[in-house]
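Colleague: I'm new to this structure and would rather look closely at one part than skim the lot. Could you pick a part and walk me through it, along with whatever sits around it?

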Amino acid sequence: MARRTVIGLAVAAVVVLTATGAGVAYATGVIPRPPRPVQKQVEVQRVATEPADTPATPEMPPTKPSPTPAANTRGLSCGETGPAQAAVERYLDSHPGFGKVVVDGRQSPQDCVAIAKFQQRFRIMPAKGYAGKVTGNIVKRLAAARLNACDTRGKFTVCVDLTSQTMWVNNGGKIAFGPTPIRTGRAGLATPPGHFSISDKKKSTISSYFRVRLPYWQRFHADMGFHQTTTYLYEGDSPGSHGCINLLRGDASKLYSMTTSGTHVHVFGKKPV
């Protein structure tokens with residue numbers, strides 16, 4: 001009787017387990033894993049790694065201006081203020097192509113370099129940067145050139161100012177070349193004022209009377225013409241030429257390249273005694 005009861009209970013258990021849906025696993029002796037929980041999908045917002053307003057770069061202290069490079073004075077004589085220092089500084093200050101100067105009447109390395117460049121341009125010897133008498137005289141002559149006194153008659157004109165002993169080229173009312181220093185005729189052989197034109201050009205010739213070389217020869221009146229000087233243009237004891245207009249080599253070459261036969265020449269003023 002007891003055995004039947006046990007068997008009956010076992011059969012009842014199987015029926016119950018089968019009805020719950022888990023009975024097959026238990027009937028076979030396998031314990032099922034608990035059901036996996038459903039994950040809730042949560043949107044994760046990425047947080048910016050930098051704030052919206054990036055702080056400004058810290059203000060840097062103002063940079064100091066670069067010091068003026070030391071002037072290269074090698075080979076120059078820059079230790080002494082010359083008698084024409086102030087006048088030369090004033091001229092170079094208004095003609096900055098030679099370099100920066102300080103207009104104070106005192107020599108500085110920068111002044112010295114600019115003066116030396118001026119001397120090299122106009123073949124003043126020695127070109128050492130010392131503002132001596134000759135340099136001061138050339139500055140005075142260039143500054144005194146009467147650029148508006150040349151009567152071009154509306155033409156391309158070579159202008160010669162006997163008073164300042166300078167010449168330049170006027171093209172359409174504008175200065176195309178110069179002014180630059182010249183040397184004109186001495187007493188008794190003075191270069192005459194007037195309107196002329198270039199009538200003869202030779203890159204190199206010899207004077208038939210004085211037997212001297214005449215590089216870049218350009219005749220404009222009688223036996224007078226423009227040409228390169230073969231001596232130092234600023235000789236202190238030179239009374240002047242034999243009537244021709246003497247030029248520095250570079251200036252004579254430049255003028256020769258700019259003119260043609262028939263180019264208008266205006267000579268005016270009076271050479272100082």
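Modeller: One bit of vocabulary before we start: a residue is buried when its relative accessible area is under 20%, exposed when it is over 50%, and partly exposed in between. Keep in mind, too, that this is a predicted model.

Let's look at the salt bridges. The count comes to six, and I'll take you through some of them. Start with D200 and K202, whose side chains meet in a salt bridge with N and O 3.2 Å apart. K202 has 36% relative accessibility, so it counts as partly exposed, while D200, at 18%, falls under the 20% cut-off and counts as buried. This pair has company: salt bridges with shared partners join D200, K202 and R219 into one network.

Now try D104 and R106. Their side chains also meet in a salt bridge, at 3.4 Å from N to O. Here D104 is partly exposed at 33% relative accessibility, whereas R106 is exposed at 54%.

Next comes D251 with R121, where the closest N and O atoms of the salt bridge are 2.9 Å apart. D251 sits in helix α6 (residues 249-258) and R121 in helix α4 (residues 109-121), so this pair ties together parts that lie 130 residues apart in sequence. D251 is buried, with a relative accessible area of just 3%, and R121 is partly exposed at 30%.

While we're at α4, have a look at its neighbour. The axes of α4 and helix α5 (residues 133-144) come within 11 Å and cross at roughly 75°. That angle falls in the 65 to 115 degree range, which means the two helices, α4 and α5, count as roughly perpendicular. From α4, the residues I115, F118 and Q119 meet T135, I138, V139 and L142 of α5. Sort the residues of this contact by type and you get five nonpolar, two polar and no charged.

From the other partner's helix, α6, we can step into the loop between α6 and β9 (264-268), where T259 lies. T259 counts as buried, at 5% relative accessibility. Setting aside residues up to four places away in sequence, T259 touches V158, I198, K201 and Q218.

V158 takes us to the strands. Strand β1 (residues 157-161) pairs with β2 in the antiparallel sense over five bridges, and T157 has N170 of β2 as its bridge partner. β1 and β2 form a hairpin with four residues between them, and Q165 in the turn has a positive phi of about 55°.

Strand β2 (residues 166-171) has five of its six residues buried, so it is largely enclosed by the rest of the structure. On from there, β2 also pairs with strand β3 (residues 174-181), again antiparallel and over five bridges. Within that pairing, V169 stands opposite F177 in β3. The hairpin of β2 and β3 has two residues between the strands, and G172 takes a positive phi near 65° there.

Terms used
Residues numbered from 1 in each chain as written. Predicted model: local features only at pLDDT ≥ 70, side-chain atom pairs only at ≥ 80, totals over all residues. Heavy atoms only, no water. Salt bridge = Lys/Arg side-chain N within 4 Å of Asp/Glu carboxyl O. Buried < 20%, exposed > 50% of the residue type's maximum accessible area, 1.4 Å probe, protein only. Axes fitted to C-alpha atoms, helices over the stretch in contact; angles between N-to-C directions. Parallel < 35°, antiparallel > 145°, perpendicular 65-115°, else oblique. Contact = heavy atoms within 4.5 Å. Nonpolar A, V, L, I, M, F, W, Y, C, P; charged D, E, K, R; others polar. Pairing = 2+ DSSP bridges.
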